[in-house]
Amino acid sequence: MEHEFWNQLDDLIMHTQVIIDRPAGQGHPSYPEMVYPVDYGYLIQTTSSDGEGIDLFRGSDSGQLLNGLVCTLDLQKQESEIKLLVGCTAEEQNKVVQFLRNHGMPALLIKRDENPLSWLLSRRSVRRFTKKNVPSVLVEKILEAAIQAPSAHNRQPARFVVIQKIETKRRLAEAMGGEFLQDLLQDGVPEAEAKGIVGRSRQRITEAPTVILVCLESGSLDEYPDQKRQVAEYKMAVQGVAMSAENLLLAAHTLGLGAVWLCAPLFTPETVGKTLCLPDSWEPQGLILLGYPEKYPKGRPRRSIAEVTRFD
Ligand SMILES: Cc1cc2nc3c(=O)[nH]c(=O)nc-3n(C[C@H](O)[C@H](O)[C@H](O)COP(=O)(O)O)c2cc1C
C-alpha cells in the first residue's frame, strides 16, 4: 500500500540524524553557480544507490513532514537516485525540481498525498453508468470487502443477491415499480407524473450493469425473552448490514467503479422476496447499482463537524 511506503520513510527520517552540508543559498563547492534553493543534505548511516547517504531537501515548512520525493537521473554519471523532500512548501518543491533540471538532472516529482483519507472522502453516489459490464472478478473483490465488515457478535447478518441477467433486472424493476406507482397515486401524485417517476426508476435499475440486492438474514439474530433486547438485536443487525453495504460502496470506489444505494426494496420487501424467490428469512434492505461511472457527480454538501458533534 502506498501509505505504508511513506509511513516507513517517515519512520526512517524520525530515527535518523539529518546532516545538512549544503545550506540554502550556498553554491555547490565544485560548481558555485549551482545555488541550493533550500537546505540540502543526507540521512546519516543510510545508503542510496550512489553508495552515499539518502539525499534530502529540507524546506522552510515548520511541520517538517515528508512531502514526497524526487527521482533523478544524472546522465553524466549514468546514475539514478531518489531525493527526499521534507518540510518543503509547494513552491519549494517546484524550485527543487527546477533546480535539478536546470543543472542537467532530469527530475520527476512524486508527491505524497497530503490527506491519506482523500480516496475515501472522494466517494460519491454514482447513478449513471457506461454499458461496460463489471467483470466477475471485481464483483467478487467487492463482496470480499462487504463480508469483512464488522457486525454485532460477529453474526454477519448481510446477504447478497448479485443480479446481472437483464430478464431478472427487468422482472425486479417491474415488480417494485408496480408497488411504487400505487404509493405515488395514493399520495395524490398525478398519474402521468407518477408513471414518469416510476419509469425512470425502472430504467435506472435495468440499465445498471450489475445490481446487488442487500438483505438482512433474520435467522442470524439472537433471541431474547424481552422486547427491549429483541428490538436492540434487530437494530444491530440492520447496522451490521449497513456496514457491509458501506464496505461494498467503498470497495467499488477503490476499484474505479461507481455505485449507489437505492432504498426501494425496503418499501416492497414481499414483492422483492417473491420475485427473486428469496428464503423467508432474507429481508431486503437496499439495492446497489454498480457499474463504470459515465459521469462522476459533484460532492453533495455536508453538515460541518461542529454541527453534528459534541465534544465533552
Ligand atoms: C440508506 C440509504 C438509502 C438511499 N436511497 C437512495 C435512493 O433510493 N435513491 C438514490 O438516488 N440515492 C439513494 N441514496 C444515496 C443518497 O442520496 C446519497 O448517499 C446522499 O445524497 C449523499 O450523496 P453522496 O453519496 O454522493 O455523497 C441512499 C443512501 C442511503 C445511505
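Author: A residue is near a molecule if its C-beta atom, placed from the backbone, lies within 6 Å of that molecule. The structure discussed here is a predicted model.

Reader: Which residues are around the ligand?

Author: By that 6 Å cut-off, the shell can be listed in order of residue number. It includes Arg124, Ser125 and Arg127. The rest of the residues around the ligand are Val260, Trp261, Leu262, Cys263, Ala264, Gly286, Pro297 and Arg300.

Reader: Which strand gives the largest share of the shell around the ligand?

Author: The shell includes Val260, Trp261 and Leu262. A strand that covers residues 258-262 supplies 3 residues, the largest share of the shell. That strand is E9.

Reader: How many residues of the shell around the ligand are charged?

Author: The shell includes Arg124, Arg127 and Arg300, and Arg counts as charged. Of the other residues in the shell, 6 are nonpolar and 2 are polar. The number of charged residues is 3.

Reader: What radius of gyration does the chain have, and what does the globule rule give for it?

Author: The chain has 10 helices and 10 strands. Its radius of gyration is well over the value from the globule rule for 312 residues, so the chain is more spread out than a compact globule. Along the principal axes, the C-alpha trace spans about 85 × 50 × 40 Å. The radius of gyration is 28 Å, and the globule rule gives 20 Å.

Reader: What percentage of the contacts in the chain with a separation of 6 or more comes from residues 24 or more positions apart?

Author: Burial and contacts are separate counts. Buried residues make up 25% of the 312 residues in the chain. Among contacts with a separation of 6 or more, the part from residues 24 or more positions apart is 68%.

Reader: Is Tyr42 buried or exposed?

Author: Tyr42 sits in strand E2, residues 39-43. Leaving out residues up to four places away in sequence, Tyr42 touches Ile19, Glu52, Gly53, Ile54, Asp55 and Leu56. A residue needs 20 or more other C-beta atoms within 10 Å to count as buried. Tyr42 has 21 such neighbours, so its class is buried.

Reader: What separates the C-alpha atoms of Tyr42 and Thr16?

Author: Along the chain, Tyr42 and Thr16 are 26 residues apart. In space, their C-alpha atoms are separated by 9.7 Å.

Reader: Where are the buried residues of H2 around its axis?

Author: Helix H2 (residues 90-102) has its end C-alpha atoms 18 Å apart, which agrees with the span that its 13 residues should have. Its buried residues are Glu92, Val96, Val97, Phe99 and Leu100. They cover an arc of only 160° around the axis, so they lie on the same side of H2.

Reader: What covers the buried residues of H2?

Author: The face turned away from the buried side of H2 carries the exposed residues Ala90, Glu91, Gln98 and Asn102. After H2 comes Gly104, with a positive phi near 75°. The cover over the buried residues includes strands E3 (54-58), E4, E5 and E6 (107-111).

Reader: Which elements do the buried residues of H4 pack against?

Author: Helix H4 (residues 136-147) has the buried residues Val139, Ile142 and Ala146. Seen down the axis they fall within an arc of 65°, so they line one face of the helix. On the other side of H4, Val137, Glu140 and Glu144 are exposed. The buried residues pack against strands E7 (158-163) and E8 (210-217) and helix H7 (227-254).

Reader: Which elements do the buried residues of H7 pack against?

Author: H7 has 28 residues and reaches 40 Å from its first C-alpha to its last, close to the expected 40 Å. Its buried residues are Ala237, Gly240, Val241, Ser244, Ala245, Asn247, Leu248, Leu249 and Ala252. Just after H7, Gly256 has a positive phi of about 85°. The buried residues of H7 pack against H4, E7, E8, E9 and E10.

Reader: What is the phi of Gln78?

Author: Most residues other than glycine have a negative phi. Gln78 lies in the loop between strands E4 (66-74) and E5 (79-86). Gln78 is exposed, with 7 other C-beta atoms within 10 Å. Although not a glycine, Gln78 has a positive phi of about 55°.

Reader: Which loop holds Cys277?

Author: Cys277 has a positive phi near 50°. Its C-beta has 7 others within 10 Å, so Cys277 is exposed. The loop is that between helix H9 (269-275) and strand E10 (282-291).

Note on methods:
Residues numbered from 1 in each chain as written. Predicted model: local features only at pLDDT ≥ 70, side-chain atom pairs only at ≥ 80, totals over all residues. Buried ≥ 20, exposed ≤ 12 C-beta atoms within 10 Å, placed from the backbone. Helix = DSSP H or I, 4+ residues; strand = E, 2+ residues; numbered from the N terminus. Arc of directions from axis to C-beta. Contact = placed C-beta atoms within 7 Å. Rg over C-alpha atoms; globule rule 2.2 N^0.38 Å. Expected span 1.5 Å × (residues − 1).
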